[in-house]
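The following exercises are to be worked with the sequence and the model at hand. Each task is followed by a solution in steps.

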Amino acid sequence: MNKIVQVFAISVLLFSFGCGQKTKKNTDDKAVVKLSDDERMEWWRDARFGMFIHWGAYAIPGGERNGEVCKGGAEWIMDKLDYTIEDYEKEVTAKFNPVKFDADAWVKMAKDAGMKYIVLTSKHHDGFCLWDSEITHYDVMEACPFKRDIVKELSEACKKADMRFCLYHSIVDWHHPQAQAPLYPNYNAGQKDQTVVNPEFPKYYENYLKPMVGELLTKYDNVDVIWFDGDWIADYTTEMGKDFYSYIRSVKPNVIVNNRVDKGRNGMEGMDKEGEFAGDFGTPEQEIPATGIDSDWEACMTMNGSWGYKPSDEHWKSNTVLIRHLVDIVSKGGNFLLNIGPDAQGLFPQQSIDRLKAIGEWTKENGEAVYGAKASPFERPEWGRYTSKSGVVYAHVFDWPKDGKLILDSSIKIKSARLLGDSSSELKVNTVGNVISVEVPKKASNSYASVIKLIVE
Ligand code: FHN
């Protein structure tokens, strides 16, 4: 081999080890029947309620460094509290050893809460990978003492519990030399200046980000959704987004991909801008669209103010707020993805466990009015929300009528009415002129939201 080729070969080898890239293994893809879009989206549209899990080495500092608290989500601590890459590797990643992590326990809490799918961060912006990757050394098997494949364990726990398994994957990567790392932390200061790009980014996309998602889809055979994030950076182009979407569908034809795979997202409102963009559903974040939207969408929210574990953030949403968010979202035709930020031991915060339990008691009794339900054609009532299925309208009552008479939309043609969870007796329906009302008991059946099932023409 002549000198030039030798030097080239060594530099490729050094480069790949330099940024922790291993040679990747090929895996055979199983041939599957390609579903239509409606068939592919069906389980997701029926599910309505999922668990988001933001977990990684950032759970160790929990949003604090040398007494300083990072503003916003604790998962941004590497940026917000200006770690160098070396410091973050040494002070944070190298200490990740969540010995109390129990995937089965996590899945049970999601299931008991009435959640039908789980979305786990496989890699967040810090670049640390929670699975045994053949593509990088910066993963849970080599860069920390834990040395267990978290993605594998959760994938298998989901299979056992008949829970849909999904992965969040960050396009942003503060660790990889061809992503933002060389500009880091200036790049992150440059977040305000979106013209700050890494000229090497196309190589990161082609040789790292894209094969990495291909690895996740082939190593773990039950990945049903890829939930991208970090679409906003100027380095990442709509050409990459469209290429990425078609690549993913070629690897796994029936997987669902959110709209952050491309550049169509309209900020935190999450729905697509005008124009042709890839992605199967919109992703409003920390907000609920004011009115229903006819395309598929999923609102994601934290329970306190942080996606990652942040014990100093005690602004926990109440059970009432969380349950009424679920009802409001479904009444507008959306899905609710509610976040948990597990701690450095691998445990859910007690405040999250308590809320999941209360939500589970409500969905156990009223889930029929959520799962497979759609937006209703009726005006939003003063006292709550409507959801609907064919031949049925569910009245979710937040403000229980003091006079025992619930006024309903006059265009609803009611055949019968009863309280969900109380099949004992039908409720009396009265029509006076064009005012339709249902006589209800003095006391609400559920302080969060009482549901009346209306069989309609
Ligand atoms: O920067 C991320 C943030 O850390 C979190 O992952 C949320 C969840 O969707 N997405 C981005 C902020 O929009």
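A residue is called buried under 20% relative accessible area, exposed over 50%, and partly exposed in between (1.4 Å probe, protein chains only). The model is predicted, so that local features need pLDDT of at least 70 and side-chain atom pairs count only at pLDDT 80 or more, while totals for chains, interfaces and linings use all residues. Residues are numbered from 1 along each chain as its sequence is written, and side-chain values use heavy atoms, with hydrogens and water left out.

**Exercise 1.** Determine whether Asp296 is buried or exposed, and identify the side chain with which its own side chain makes a polar contact.

*Solution.* Step 1: locate Asp296 in the loop between strand 7 (256-257) and strand 8 (298-301); helices (H or I, at least four residues) and strands (E, at least two) are DSSP runs numbered from the N terminus. Step 2: the relative accessible area of Asp296 is 17%, and therefore Asp296 is buried. Step 3: the partner is the side chain of Arg45, at 2.8 Å. A polar contact is a pair of N or O atoms within 3.5 Å; within protein, one must be able to donate a hydrogen and the other to accept it, and residues adjacent in sequence count only if both atoms are side-chain atoms.

**Exercise 2.** Classify Pro145 and Asp162 by accessibility.

*Solution.* Step 1: Pro145 is found in the loop between strand 4 (117-123) and helix 6 (150-160). Its relative accessibility is 40%, so Pro145 counts as partly exposed. Step 2: Asp162 belongs to the loop between helix 6 and strand 5 (164-170). Asp162 counts as exposed because its relative accessibility is 67%.

**Exercise 3.** State what is notable about phi of Asp162 and of Asp82.

*Solution.* Step 1: most residues other than glycine have a negative phi. Step 2: phi of Asp162 is near 55°, a positive value in a residue other than glycine. Step 3: phi of Asp82 is likewise positive, near 50°, and Asp82 is placed in the loop between helix 3 (77-80) and helix 4 (85-91).

**Exercise 4.** Describe the polar surroundings of the ligand, beginning with His54.

*Solution.* Step 1: an N or O atom in the side chain of His54 is 2.7 Å from an oxygen atom of the ligand. Step 2: for a polar side-chain atom of Trp76, the distance to a ligand oxygen atom is 2.8 Å. Step 3: for an N or O atom in the side chain of Arg260, it is 3.5 Å.
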